[in-house]
Amino acid sequence: MKHIAVIGAGTMGNGIAHTFAQNGYKVNLIDIHNGALTKGIATITNNLDRMVLKNTISEAKKIETLSNITCSNTLKEGVKDAVLVIEAATENRDLKLDLFKQLDANCSKDTILATNTSSISITQIAAATVRPDKVIGMHFMNPVPIMPLVEIIKGYSTSHATVQTIMDVSKSLGKTPIEVKDYPGFVANRILMPMINESIETLYNGVAGVQHIDTIMKLGMAHPMGPLQLADFIGLDVCLSILNVMYNGFKNPKYAPCPLLVNMVAAGRLGIKSGEGFYDYSISKKAEHIAQPFL
């Protein structure tokens with residue numbers, strides 16, 4: 001399994017492509033937008049340059065990694081030789097269902113179809129195909145080249161052979177794969193998102209400010225990053241989407257998104273990606289406190 005395709009050249013997609021290419025896989029990075037592909041390759045190149053500067057990899061390894069990546073903006077052509085396709089598109093159920101219908105129609109019958117979804121049902125995604133036994137969740141953490149975990153989600157019909165193959169592939173990347181069951185949010189986000197949401201509620205209720213909340217969690221709970229800064233890093237729109245999936249899936253009010261989060265997403269304050277979230281990233285990359293609760 002040395003020829004793979006990655007759908008989506010955004011933060012997760014280019015990180016996945018980078019990781020596979022650095023570990024000797026031939027990767028076709030696919031996105032309908034040429035600009036996204038250009039930006040994705042630039043991000044990979046910049047990340048590799050930093051690794052060279054830190055003596056993590058050699059210049060030769062950087063060149064080899066980049067040579068392992070090709071780009072395509074046509075799904076049919078991009079996946080034709082892939083034995084594994086990893087979808088890393090926007091966290092939108094309807095979009096993913098449509099993509100998996102297309103992948104099912106254009107990939108070899110033996111191709112494994114994986115999704116990097118962080119919350120959407122693998123069983124539901126698999127039902128859009130005629131190969132549910134070969135559909136699986138492969139949830140990488142951001143930043144993909146650095147974070148060691150891959151959450152492996154087995155759908156209702158995912159075969160043991162598919163699970164074992166993806167476990168082995170994950171290990172070949174130097175990752176630690178952990179298998180979990182197919183419930184909304186799986187494990188990582190089922191635990192993480194309520195914490196982030198409660199942090200936003202704490203801000204919304206005026207209990208403490210952004211930096212105070214984040215500092216308490218960093219110093220008191222040994223978190224490497226505060227929950228509000230982490231939310232900015234993930235993307236507030238992504239956090240909202242995941243919370244909505246869990247709220248609709250469990251019908252439990254504890255997963256209901258905080259009104260402040262809803263308003264910030266509606267206002268286009270999405271975190272790092274928009275330059276402004278709970279922190280201001282527009283002037284420098286160093287986060288500066290700006291957020292106040294919407295009372």
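In this predicted model, helix H1 (residues 11–22) lies across five strands, namely strand E1 (3–7), strand E2 (26–30), E3, E4 and strand E6 (135–140). Helix H1 runs at about 170° to E2. Helix H5 (residues 93–106) also packs on the sheet, where it touches E1, E4, E5 and E6. The direction of H5 makes about 165° with that of E5.

**The sheet**

The strands form an open sheet of 8 members with mixed pairing, in the order E3-E2-E1-E4-E5-E6-E7-E8. Strand E3 (69–72) and strand E8 (176–181) each have a single partner strand, so one side of each is left without a neighbour in the sheet. From one strand to the next, the twist averages 25°. In general, strands of a sheet pair through backbone hydrogen bonds, either parallel or antiparallel. Strand E4 (residues 84–87) and strand E5 (residues 112–115) run parallel and are joined by 4 bridges. Within this pair, valine 85 stands opposite leucine 113 in E5.

**Threonine 117**

The loop between E5 and helix H6 (122–126) contains threonine 117. Is this threonine 117 buried or exposed? Threonine 117 counts as buried because its relative accessibility is 0%, and the limit for a buried residue is under 20%. A polar atom of the threonine 117 side chain lies 3.0 Å from the backbone nitrogen of isoleucine 120. Apart from neighbours within four places in sequence, threonine 117 is in contact with Glu91, Lys96, Ile122, Ile125, His139 and Phe186.

**Salt bridges**

Side chains of opposite charge can pair when their charged atoms come close. The structure holds 11 salt bridges, and the table presents some of them.

| Acidic residue | Basic residue | Closest N to O distance |
|---|---|---|
| Glutamate 91 | Lysine 96 | 3.7 Å |
| Aspartate 94 | Arginine 93 | 3.4 Å |
| Aspartate 104 | Arginine 131 | 2.6 Å |

Glutamate 91 and lysine 96 are both buried, and both are in contact with threonine 117. Arginine 93, by contrast, counts as partly exposed because its relative accessibility is 42%.

What does the salt bridge between aspartate 104 and arginine 131 tie together? Aspartate 104 lies in helix H5 and arginine 131 in the loop between H6 and E6, so the pair ties together parts that are 27 residues apart in sequence. Both aspartate 104 and arginine 131 are buried. Elsewhere, Asp49, Glu59 and Lys62 are linked in a network of salt bridges.

How values were computed. Residues are numbered from 1 along each chain as its sequence is written. This is a predicted model: local features need pLDDT of at least 70, side-chain atom pairs count only at pLDDT 80 or more; totals for chains, interfaces and linings use all residues. Side-chain values use heavy atoms; hydrogens and water are left out. Two strands pair if DSSP finds at least two bridges between them. Helices (H or I, at least four residues) and strands (E, at least two) are DSSP runs, numbered from the N terminus. Axes are lines fitted to C-alpha atoms, for helices over the stretch in contact, and angles run from 0 to 180 degrees between N-to-C directions. Contact means heavy atoms within 4.5 Å. Buried means under 20% relative accessible area, exposed over 50%, partly exposed in between (1.4 Å probe, protein chains only). A polar contact is a pair of N or O atoms within 3.5 Å; within protein, one must be able to donate a hydrogen and the other to accept it, and residues adjacent in sequence count only if both atoms are side-chain atoms. A salt bridge is a side-chain nitrogen of Lys or Arg within 4 Å of a carboxyl oxygen of Asp or Glu.
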